[in-house]
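Could you walk me through this model in the viewer, one selection at a time? I would like to know what to click on next and what I will find there.

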Amino acid sequence: MRALILFLFFGIGIHKNQSVEETYQFKPLLNHKNALQESKQNKKLTLLYFSAYGSVVCEMMKENIFGDANIKSLLTQKYCSFKAMVDDKTPIPKPSSISQN
């Protein structure tokens with residue numbers, strides 16, 4: 001199965017300013033296996049976007065890149081997109097198949 005992992009550290013190009021509401025919406029990444037399964041069912045590539053709450057660069061990408069109509073269209077048509085917040089303190093749920101000793 002093909003997966004695309006997107007690491008974005010630098011904003012490339014500046015497009016017209018758009019509000020955050022107009023940007024592309026990523027699904028939250030809760031479980032990588034579920035993300036890959038959803039992509040397989042929809043016959044699309046998997047896009048994992050790593051972001052951070054306090055990152056100015058991530059905000060620039062959200063507004064200037066993911067707000068662009070051409071990019072939004074491409075992401076919608078070809079990818080199942082998921083976002084992982086690297087500075088989120090929420091515990092990750094443990095799989096039920098692992099027994100606790």
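**Starting with a cysteine**

Select cysteine 80 to begin: this residue is buried, at a relative accessible area of 4%. Keep in mind along the way that you are looking at a predicted model. Next, add cysteine 58, which is buried too, with a relative accessible area of 7%. If you are wondering about sulfur bridges, a search of the whole structure finds zero disulfides.

**The overall layout**

Now zoom out and color by secondary structure. The protein chain has three helices and four strands, and along the sequence they follow the pattern β-β-α-β-α-α-β. Of the 101 residues in the chain, 27% are buried. Turn on the surface and you have about 7600 Å² exposed, with carbon and sulfur atoms supplying 58% of that area. Contacts reach far along the sequence: among those between residues at least 6 apart, 85% join residues at least 24 apart.

**The strands**

Select residues 79-85, which form strand E4. This strand is mostly covered, as five of its seven residues are buried. Which strands pair with E4? Bring up E3, which pairs with E4 in the parallel sense over seven bridges. Then show E2, residues 27-28, which is joined to E4 by two bridges and also runs parallel to that strand.

Lysine 83 in E4 is a good place to pause. Opposite lysine 83 stands tyrosine 49, and proline 28 stands opposite lysine 83 as well. Showing these residues together lets you follow the pairing across the strands.

**The nonpolar core**

Go on to the largest nonpolar core and select its 10 residues: Tyr24, Phe26, Leu47, Tyr49, Cys58, Met61, Ile65, Phe66, Leu75 and Tyr79. The elements that give two or more residues to this core are strand E3 (45-51) and helix H2 (56-65). H2 provides the largest share, with three residues. You will recognize two earlier stops in the set, Cys58 and Tyr49. As background, nonpolar side chains in soluble globular proteins tend to be buried together.

**A polar pair at strand E3**

Stay with E3 and pick threonine 46, which is found in that strand. Is threonine 46 buried or exposed? At 1% relative accessibility, threonine 46 counts as buried, because the cut-off for that label is under 20%. Show the side chain of serine 39 as well: the side chain of threonine 46 makes a polar contact with it, at 2.6 Å.

**Both ends of helix H1**

Finally, select helix H1, residues 32-42, and look at its N-terminal end. Asparagine 31 caps that end, and a side-chain oxygen of asparagine 31 lies 2.8 Å from the backbone nitrogen of lysine 33. Draw that distance in your viewer to see the cap.

Then travel along the helix to what follows it. Just after H1 comes lysine 43, in the loop between H1 and E3. Its phi is near 55 degrees, a positive value in a residue other than glycine. Why does lysine 43 count as exposed? Its relative accessible area is 78%, and the label applies over 50%, so lysine 43 qualifies. For a last view, show lysine 43 beside threonine 46: the lysine is exposed, whereas the threonine is buried.

Key. Residues numbered from 1 in each chain as written. Predicted model: local features only at pLDDT ≥ 70, side-chain atom pairs only at ≥ 80, totals over all residues. Heavy atoms only, no water. Disulfide = S-S within 2.5 Å. Buried < 20%, exposed > 50% of the residue type's maximum accessible area, 1.4 Å probe, protein only. Polar contact = N/O pair within 3.5 Å; in protein donor to acceptor, adjacent residues only side chain to side chain. Core = buried A, V, L, I, M, F, W, Y, C linked by side-chain atoms within 4.5 Å. Pairing = 2+ DSSP bridges. Contact = heavy atoms within 4.5 Å. Areas by Shrake-Rupley, 256 points an atom, 1.4 Å probe, with all protein chains shown as cover.
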